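Visitor: Could you walk me through a model with me asking as we go? I would like to learn how to read its features.

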Number of protein chains: 2
Amino acid sequence: MSVPDAVLTAMRKTNDLFHTAVVGKRDVQQLDRIYTAGARLLPPGASMITGRDGIRAFWQQAIAGMALESARLTSVETQMAGENVFEIGRADLTMTEGQSATVKYVVLWKQEDGDWKWDVDIWNAD
Amino acid sequence: MSVPDAVLTAMRKTNDLFHTAVVGKRDVQQLDRIYTAGARLLPPGASMITGRDGIRAFWQQAIAGMALESARLTSVETQMAGENVFEIGRADLTMTEGQSATVKYVVLWKQEDGDWKWDVDIWNAD
């Protein structure tokens, strides 16, 4: 089932916040507006991380460690998954050193406090 | 919403087939009983692969290349996603050389021809 436009717009808002605030300004407090309280993060090279404290710590270290400068997120496929949204996406990353990488991801989106947030987030490199 | 026992049983049957037939006997034809006709595979280190021919070719090469001997799949979390099932899981891999690895994955399950199959499959290493 296709995802209503209003939901897609809300999802883009969340993705933009990740791009501009979390990666762009390294403001990891904004992650609380991006991930649900019970979110599960499944990053390459580490075990599953559950909850906001761990997710904040992960991204703080990852953004600094990778010298990540920009992360543009693009939806490749979206579908309703009951009350949630299932998304396949692509992230185009650039580092301060001028390197770039492409990452593909799956996110299960969930509505929380009126916003659409990432409830499960897994990715890997192309 | 929790997944009915009958569906969980059908999912285990599919996972067992991957373990015993595809990895155990290297019978990649059985992948047609595991992945839906339109399945999307998002493997680490490669672009997204869509459809059975590409998926069969990927696994043939991956199983031989990794010298994969065993892949035990365990559900960590399952939830209904509309008519589909969203799963977080863990794969315990062993290679013919005696090495082992743990992989975490997300699968979107879909019913096709009466069987529960993998419609989207993404994973990465711990």
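Guide: We will look at a strand pair and then at the contact between the chains. This is a predicted model, where local features need pLDDT of at least 70, side-chain atom pairs count only at pLDDT 80 or more, and totals for chains, interfaces and linings use all residues. Residues are numbered from 1 along each chain as its sequence is written, with chains lettered from A and ligands numbered from 1 in the order in which they are written.

Visitor: In which sense do strand 3 and strand 4 of chain A pair?

Guide: Strands are DSSP runs (E, at least two residues), numbered from the N terminus, and two of them pair if DSSP finds at least two bridges between them. Here strand 3 (residues 68-81) and strand 4 (residues 84-95) of chain A are antiparallel, with 12 bridges. One bridge joins Gln79(A) to Phe86(A) in strand 4. The two strands make a hairpin with 2 residues between them, and Gly82(A) in the turn has a positive phi of about 65 degrees.

Visitor: By what turn can chain A be laid on chain B?

Guide: Superposition is by least squares on C-alpha atoms of residues with pLDDT of at least 70 in both copies. A turn of 180 degrees with a shift of 0.0 Å along the axis lays chain A on chain B at an RMSD of 0.0 Å. The copies are therefore related as by a two-fold rotation axis.

Visitor: How many residues does the contact take from each chain?

Guide: Residues are in contact if their C-beta atoms, placed from the backbone, lie within 7 Å. The contact takes 22 residues from chain A and 22 residues from chain B. Strand 6 of chain A gives the most to the side touching chain B, with 4 residues.

Note on methods: Two residues are in contact if their C-beta atoms, placed from the backbone, lie within 7 Å.
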